[in-house]
Amino acid sequence: REELSKMMAEEEMRDAALLVLANKQDLPHALKTSELARKLGLPELRSREWFIQGACATSGEGIYEGLDWLSRTLSARPRR
């Protein structure tokens, strides 16, 4: 949480969208995405677009969905 907060506070990250891929969701004791979001303090990032996607790297589940959100989010922004 601290490292994420520090990173997102950097000037270069001012307008960055944040995608969190919550890996290992196939394991029985994996944190639910809502709990992980709370622990990372994501709901407190009110001025930033963020999304948390459950994922399983070994099967690829959730990866494309997360990247799709990121693509749609960035595409919807005005061009600079």
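Q: Which residue forms a salt bridge with R1?
A: In this predicted model, the partner of R1 is E44, and their closest N and O atoms are 2.9 Å apart.

Q: Where in the chain do R1 and E44 lie?
A: R1 belongs to the segment before α1, whereas E44 sits in the loop between α2 (33-40) and β2 (50-54). The pair links distant parts of the chain, with the two positions 43 residues apart.

Q: And is E44 buried or exposed?
A: E44 counts as exposed, at 55% relative accessibility. R1 is partly exposed, with a relative accessible area of 46%.

Q: Why can such side chains pair at all?
A: Side chains of opposite charge can pair when their charged atoms come close.

Q: How many salt bridges are there?
A: The count comes to seven. Among them is the one between E3 and K6, whose closest N and O atoms are 3.5 Å apart.

Q: How are E3 and K6 placed in helix α1?
A: They are three residues apart in that helix, so about one helical turn separates E3 from K6.

Q: What about D15, which residue does it meet in a salt bridge?
A: D15 meets R14, at 3.6 Å from N to O. Salt bridges with shared partners join E11, R14 and D15 into one network.

Q: Changing topic, which residues make up the largest nonpolar core?
A: It has eight residues: L4, M8, L18, V20, A22, A37, L42 and I52. Both α1 (2-9) and β1 (18-22) supply at least two of them, and β1 gives the most, with three.

Q: What does L18 touch?
A: Leaving out residues up to four places away in sequence, L18 touches L4, M8, L42, L45, R48, E49, W50, F51 and W69.

Methods. Residues are numbered from 1 along each chain as its sequence is written. This is a predicted model: local features need pLDDT of at least 70, side-chain atom pairs count only at pLDDT 80 or more; totals for chains, interfaces and linings use all residues. Side-chain values use heavy atoms; hydrogens and water are left out. A nonpolar core is a set of buried Ala, Val, Leu, Ile, Met, Phe, Trp, Tyr and Cys residues joined through side-chain atoms within 4.5 Å. Buried means under 20% relative accessible area, exposed over 50%, partly exposed in between (1.4 Å probe, protein chains only). Helices (H or I, at least four residues) and strands (E, at least two) are DSSP runs, numbered from the N terminus. Contact means heavy atoms within 4.5 Å. A salt bridge is a side-chain nitrogen of Lys or Arg within 4 Å of a carboxyl oxygen of Asp or Glu.
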